[in-house]
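Q: Could you take me through a close look at one part of this model, the places where its pieces meet? I would enjoy a connected account that starts with the contacts and then moves on to local detail.

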Protein chains: 2
Amino acid sequence: MGFTFTLEATDGIARAGRFQTPHGEIPTPIFAPVGTQATVKAVLPRDLEALGASLILANTYHLHLRPGDELIADLGGLHEFMQWNGPILTDSGGFQVFSLTDLRKVDDDGVTFRSHIDGSKLRFTPEFAIGIQHNLGADIIMAFDECAVPDDREIATDAMNRTHKWAQRCVEYHYSAGNPEKQALFGIVQGGIFPDLREQSAAFITSLKLPGYAVGGLAVGETKEEMLATLDVTLPLLPEDRPRYLMGVGRPEDIVNAVARGIDIFDCVLPTREARHGAALTRAGRLNMSNKQFERDTNPIEADCDCYACRHFTRAYIRHLMKAKEILGLQLLSIHNLNFLLRLVRDLREAIFAGTFDELANTLLDRWVQKNPAT
Amino acid sequence: MGFTFTLEATDGIARAGRFQTPHGEIPTPIFAPVGTQATVKAVLPRDLEALGASLILANTYHLHLRPGDELIADLGGLHEFMQWNGPILTDSGGFQVFSLTDLRKVDDDGVTFRSHIDGSKLRFTPEFAIGIQHNLGADIIMAFDECAVPDDREIATDAMNRTHKWAQRCVEYHYSAGNPEKQALFGIVQGGIFPDLREQSAAFITSLKLPGYAVGGLAVGETKEEMLATLDVTLPLLPEDRPRYLMGVGRPEDIVNAVARGIDIFDCVLPTREARHGAALTRAGRLNMSNKQFERDTNPIEADCDCYACRHFTRAYIRHLMKAKEILGLQLLSIHNLNFLLRLVRDLREAIFAGTFDELANTLLDRWVQKNPAT
């Protein structure tokens, strides 16, 4: 297999490891910046590299619509197209199909829906979603799942059962039509917030013997307690020797809490989206950089941050850029916010090696809960 | 004097030189990227440096309104605020006052007008405009002038006479209240498209014995022939040992034509504005990167260009970014377009040293006129 996960250290349940891919090694725990449309918004690939990003995510649904996965395949694949030579993960499109599109009709074979761009009628099946991901050529690809509301038992059961059947079809299609040496297919555990469904789902999905597993259907409206309780139930059911991916999670405190429960991989649009809204992530909490309080503040966004924005620019300048609606403001905040989360997972990883994970986690969580939650 | 202009070579009327400023030397002919609101739109200062930009421009009127020139002075001046350690030029605000604002009332003492941001009532006088530029601290500052429509003789005469009185007041104020060792005040020759007015204006303005001179009131609606004829009349009247600045000009063919007539310094928003509109400047002409023809084009924007965008990305990728309205598209096009004009002036400078200016100028102009004008 072209993919190897090496567990390097544990501290309690928290894990540090390395996941080998054809485009390089991913140290875990890791946060993956999101490049929905084959670009991490407003950040040059060379700046992403400088930030130490090792894995980035791109969206199957968006790239299928525009510019088209066949075009990307013809031009040499997604790595070549977007000039990112490190590991890439593509989602299955499931989340977007269920959250962005209109007139959705799910049947056992797939989903028919309308494009959010031009309203044209589209249909995704498990085989079709995997076929798109074959064209894109990411290192890690995801099974096509049904991402349903998490707290209705009947809906969650139906979605889980369909997700299982679709996962099996994804596996069959990928291992016959694809190249499992070059692309690792991860399975997705569903089951909403119901422990028995999560158990059923974990049992089924892990029986497929895949190179990695994701916990799906979280961060979609459930409470924080429900999310953590679901991780508590689900993670012990996943094999230790495979990476575990919590999709769509990127709030700093959620990352800390999920690493504490054994998650290895995260992705989220949060750092770049917050930047576009003028917000900076810091260990002291989230700062709205447009606020008057920063008008004459000559400190960097965050004193001990080593990013390009913090090494050079004052809060006063960044506030000016946001007030004047200058693109440079969101460029600098995107760099800072990505660095914030990449530093966070690096620090958590080091703490796991040092056996000080709980100490670091408690310090961070106490600060975020007591003062000003980071998001 | 803290400012020295050294004429290094001439080829016909075209000149190559160096202008020494407190923040470094400017090789001429030079193109200055425009950072209206203390940022060259969508370009990190380090990328500007990498492009070899030596002089950038910022706008007095915009920075007075937001964030305020006193705030910038309190925080250490414009170089420190925007983290540009090379030479900066600030305009006088005159062009913006006469082109952006409402309810403008000109009297002999100054101009009363309304802010384009919040409609508040403002008044600029020569002393006030220079005072703002003292606060900003740019290396080169400009006299406050009246920029009128160029082809009405009566209006042009009035504006010229007022510009002369104001220039004298700017000089008196700057040499008494300012620091001429740290900031060079340039005078502006007005007079519309009327040769006798230009002669009068050049005689008066050069009598002020300033460290540099600008030709104002061009590129504001006159024909290309009128602009070049006005340069033909005006430039021989300016002293050889002072840099000559053509304000607001940045179309590639205009730069070539103006260097041929003895201009040393240019500025224009064109490269970054064109980038935001999805257009690339190339020696083969202006390319609309959103066009279908680039959908599968794996060439760089311009084959022999050494910018970051051309070294890494295909036209197909940049087209995708523009179609998907991704900020990265205009970031990459801004880098390319700035590099295009900075390379152009470097090439013209080298040709002047080599004695091949006419050859290069003719090759470029023939290509742009025959095929597809660069803008």
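A: Happily; what follows goes from the contact between chains to the domains, then to helix packing, strands and a few backbone details. Please keep in mind that this is a predicted model.

Let us start where the two chains meet. Chain A and chain B each bring 29 residues to their contact. On the side of chain A that touches chain B, the elements giving two or more residues are α3 (69-74), α4 (78-82), α13 (315-323) and α14 (327-354) of chain A. Of these, α13(A) supplies the largest share, with five residues. By class, this side of chain A holds 15 nonpolar, eight polar and six charged residues.

The loop after α4 of chain A has a detail worth a look. A:Q83, found in the loop between α4 and β6 (88-90) of chain A, has a positive phi of about 60° although it is not a glycine. For context, most residues other than glycine have a negative phi, and most peptide bonds are trans.

Now to the inside of chain A. The domain assignment splits chain A into domain 1 (4-268) and domain 2 (275-370), and their centres, taken over C-alpha atoms, are 27 Å apart. Where they touch, 26 residues of domain 1 of chain A are in contact with 23 residues of domain 2 of chain A. On the domain 1 side, β1 (4-11), β2 (14-21), β4 (30-33) and α10 (252-260) of chain A each give two or more residues. The largest share of that side, six residues, comes from α10(A). That side has 17 nonpolar, four polar and five charged residues.

Next, a helix pair in chain A. Helix α8 (residues 195-206) and helix α9 (residues 224-234) of chain A pack at an angle of about 45°, and their axes are 9 Å apart. Because that angle falls neither under 35 degrees nor within 65 to 115, α8(A) counts as oblique to α9(A). The crossing of α8(A) past α9(A) is right-handed. From α8(A), the contact uses A:P195, A:R198 and A:A202, and from α9(A), A:T230, A:V233 and A:T234. These residues divide into three nonpolar, two polar and one charged.

Moving to chain B, we can look at its strands. An open sheet of three strands has the order β7-β8-β9 (chain B), with antiparallel pairing. Its edge strands, each pairing on one side only, are β7 (102-106) and β9 (121-124) of chain B. From one strand to the next, the twist averages 15°. Three bridges link β7(B) with strand β8 (residues 111-114) of chain B in the antiparallel sense, and B:V106 stands opposite B:V111 in β8(B).

Another strand pair in chain B is a hairpin. Strand β15 (residues 279-282) and strand β16 (residues 285-288) of chain B run antiparallel and are joined by four bridges. The hairpin passes from β15(B) to β16(B) through two residues, and B:L281 has B:R286 in β16(B) as its bridge partner.

Finally, chain B has cis peptide bonds to point out. One joins B:T28 and B:P29, with omega about 0°, and B:P29 lies in the loop between β3 (24-28) and β4 (30-33) of chain B. Another joins B:R66 and B:P67, with omega about 10°; B:P67 lies in the loop between α2 (60-65) and α3 (69-74) of chain B.

How values were computed: Residues are numbered from 1 along each chain as its sequence is written. Chains are lettered from A and ligands numbered from 1 in the order in which they are written. This is a predicted model: local features need pLDDT of at least 70, side-chain atom pairs count only at pLDDT 80 or more; totals for chains, interfaces and linings use all residues. Two residues are in contact if their C-beta atoms, placed from the backbone, lie within 7 Å. Ala, Val, Leu, Ile, Met, Phe, Trp, Tyr, Cys and Pro count as nonpolar, Asp, Glu, Lys and Arg as charged, and the others, Gly among them, as polar. Domain bounds come from an automatic or database domain assignment. Axes are lines fitted to C-alpha atoms, for helices over the stretch in contact, and angles run from 0 to 180 degrees between N-to-C directions. Angles under 35 degrees count as roughly parallel, over 145 as roughly antiparallel, 65 to 115 as roughly perpendicular and the rest as oblique. A crossing is left-handed if the near helix is turned anticlockwise from the far one by less than a right angle, and right-handed if clockwise. Two strands pair if DSSP finds at least two bridges between them.
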